[in-house]
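User: Please take a close look at one helix of this model and at what surrounds it. I would like a single connected account of its packing partners and of the ligand shells.

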Amino acid sequence: MLRFITAGESHGPALTTIIEGLPAGVPVDIELINRDLARRQKGFGRGGRMLIEQDRVEITAGVRFGQTLGSPVTMVIHNRDWENWQDRMSPAGPPSGQAVSSPRPGHADLTGVLKYDRQDVRDILERASARETAARVAVGALTKQVLTAAGIKIIAHVTNIGGVNAQVASREYDELQSAVFASELGCLDANAETQMKAAILEAKNHGDSLGGIFEVLALGVLPGLGSHVQWDRRLDTKLAAALMSIQAIKGVEVGVGFEYANLPGSKAHDQIYYEPERGYYRQTNNAGGIEGGMSNGEPIVLRAAMKPIPTLMTPLSSVDIVSKAPIQANTERSDVCAVTAAAVVGEAMTAIVLTEVLLEKFGNDNLTDLLSAISHYRQRLAGL
Ligand SMILES: Cc1cc2nc3c(=O)[nH]c(=O)nc-3n(C[C@H](O)[C@H](O)[C@H](O)COP(=O)(O)O)c2cc1C
Ligand SMILES: C=C(O[C@@H]1CC(C(=O)O)=C[C@@H](OP(=O)(O)O)[C@H]1O)C(=O)O
């Protein structure tokens with residue numbers, strides 16, 4: 001079973017993750033992990049923190065001479081900002097600086113202090129912060145190296161920011177990837193991107209914030225990953241949970257998603273065809289590559305909606321947790337819009353889930369056996 005956890009506070013010394021269940025023999029390219037970490041830091045509308053950090057991964061277990069060993073892999077990403085926070089984040093104390101007593105609507109602050117019996121909102125916001133997603137992106141970039149060996153490619157792009165929608169024509173993967181990498185917002189529509197940037201700037205000037213939507217595409221996915229036989233083994237269950245687990249994600253669609261509600265069955269379902277040299281195929285992909293909780297061999301298409309960033313420089317009303325008097329919410333340094341970063345995290349979470357179900361189906365001891373099992377399965381499906 002592939003599993004991972006992360007640890008680390010936003011302004012603590014480092015983020016750490018342990019991943020267990022990766023096969024031995026996977027070639028590990030650290031620069032590909034660093035490339036995704038750098039992509040996650042991008043995006044017009046990010047706050048001052050991104051000028052401080054230059055995320056790079058350090059692998060401290062489970063990899064030797066550029067290959068996984070089959071043992072748990074540990075990765076560390078150091079927080080450069082820690083240097084500025086050592087007194088306020090000291091594990092040993094004594095407390096320094098003022099406790100934060102003004103919880104922000106939309107953040108974990110108020111419910112966190114109540115649930116965990118804390119008197120300083122910082123005790124909650126440090127871990128609730130999406131800084132943690134840097135560790136997830138490192139895990140995703142590592143699992144992508146298994147997926148690449150199996151011929152599976154993933155890319156995410158931004159389709160909406162603050163109501164400005166991108167028009168996107170379908171393209172080959174390599175073209176998609178270079179267009180996403182070249183765009184400041186990770187958006188495939190240059191005109192929409194200009195309007196999105198103007199909307200972000202306007203929000204910033206008003207002390208406001210914006211959310212949006214990103215789409216994740218997974219190409220080359222074999223049919224039969226996930227299962228219809230149990231609720232928690234369904235691929236759509238796992239992917240929706242993985243995307244929903246990203247801070248500020250409030251909606252997930254598979255394929256045409258909510259649009260299904262407006263379509264009759266005759267227009268909704270992807271009809272099935274067969275050609276000897278191609279096998280089974282569909283001419284449409286409303287299902288987004290998943291039927292009955294299993295991948296069906298068509299591209300997987302997912303969309304996730306992100307709410308606007310909760311920290312506002314023109315703050316919302318709140319209540320002081322000590323005096324209980326009305327107060328303005330805390331105005332920490334903050335992003336104005338982080339949909340571009342969230343898209344990279346979505347790509348990582350999708351990679352992790354697809355790797356999990358791939359390894360569940362074909363075995364996770366070593367890469368050689370994994371690729372043989374995949375090849376045998378492909379041959380059976382091709383009727384050889
Ligand atoms: C990449 C990324 C960056 C974020 N940056 C900020 C930020 O700078 N300020 C902020 O208040 N929230 C930010 N958020 C959102 C909060 O982390 C999130 O709203 C909060 O943890 C509460 O969780 P919830 O929105 O899922 O309920 C960010 C989220 C992501 C995914
Ligand atoms: C640090 C990151 O994102 C942070 C997510 C975040 C939040 O509340 O979620 C708040 C901000 O942190 P800070 O208070 O240090 O400026 C963001 O910068 C990151 O993405 O690496």
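Analyst: Ligand 2 is a suitable point of entry into this predicted model. The ligand is surrounded by 14 residues, of which Arg49, Ser129, Ala130, Arg131 and Arg333 are the closest. Sorted by class, this shell consists of 6 charged, 5 polar and 3 nonpolar residues.

Ala130 appears again at ligand 1, where it is listed with Gln247, Thr311, Asp335 and Ala338 as the nearest of 21 surrounding residues. The shell of ligand 1 has 11 nonpolar and 8 polar residues, with 2 charged ones. Helix α10 supplies the largest share of that shell, namely 3 residues. This helix is the part to be examined here.

Helix α10 covers residues 339–362, and one of its partners is α5, residues 133–149. The two axes lie 8 Å apart and form an angle of about 50°, and α5 and α10 are therefore classed as oblique to each other. Their crossing is left-handed. On the α5 side the contact involves Thr133, Arg136, Val137, Val139, Gly140, Ala141, Thr143, Lys144, Val146 and Leu147. These residues meet Val344, Val345, Glu347, Ala348, Met349, Ala351, Ile352, Leu354 and Thr355 of α10. Taken by class, the α5–α10 contact comprises 12 nonpolar, 4 polar and 3 charged residues.

A second partner is α8. Its axis comes within 9 Å of that of α10, and the two cross at roughly 150°. That angle makes α8 roughly antiparallel to α10, and the crossing is right-handed. From α8 the contact draws on Leu235, Lys238, Leu239, Ala242 and Leu243, while α10 contributes Gly346, Met349, Thr350, Ile352, Val353 and Val357. Met349 and Ile352 thus belong to this contact and also to the one with α5. The residues between α8 and α10 are 8 nonpolar, 2 polar and 1 charged.

Helix α1, residues 30–40, is a further partner of α10, with an angle of about 145° and axes 8 Å apart. Here Asp36, Arg39 and Arg40 of α1 meet Ala341, Val344, Val345 and Ala348 of α10. This contact contains 4 nonpolar and 3 charged residues, and no polar ones. Val344, Val345 and Ala348 face α1 in this contact and also take part in the contact with α5.

The annotation can be set beside the two ligand shells. An unreviewed UniProt entry lists as "binding site" Arg127, Ala128, Ser129, Gln247, Ala248, Gly292, Lys307, Pro308, Ile309, Pro310, Thr311 and Arg333. These positions span 207 residues in sequence, and the farthest two C-alpha atoms are 44.5 Å apart, so the listed residues do not all gather at one spot. Among them, Ser129 and Arg333 are also among the closest residues to ligand 2, whereas Gln247 and Thr311 are among those nearest to ligand 1. Ala248, another listed position, is located in the loop that joins α8 (235–244) to β10 (249–254).

Two backbone features elsewhere complete the account. The peptide bond from Gly93 to Pro94 is cis, with omega near 0°, and Pro94 is placed in the loop between β6 (73–78) and α3 (109–116). Asp117 has a positive phi of about 55° although it is not a glycine, and this aspartate lies in the loop between α3 and α4 (122–128).

Conventions. Residues numbered from 1 in each chain as written. Chains lettered and ligands numbered in written order. Predicted model: local features only at pLDDT ≥ 70, side-chain atom pairs only at ≥ 80, totals over all residues. Axes fitted to C-alpha atoms, helices over the stretch in contact; angles between N-to-C directions. Helix = DSSP H or I, 4+ residues; strand = E, 2+ residues; numbered from the N terminus. Parallel < 35°, antiparallel > 145°, perpendicular 65-115°, else oblique. Left-handed = near helix turned anticlockwise from the far one by under 90°. Contact = placed C-beta atoms within 7 Å. Nonpolar A, V, L, I, M, F, W, Y, C, P; charged D, E, K, R; others polar. Near = placed C-beta within 6 Å. UniProt positions renumbered as here; feature names shortened; annotations may be inferred.
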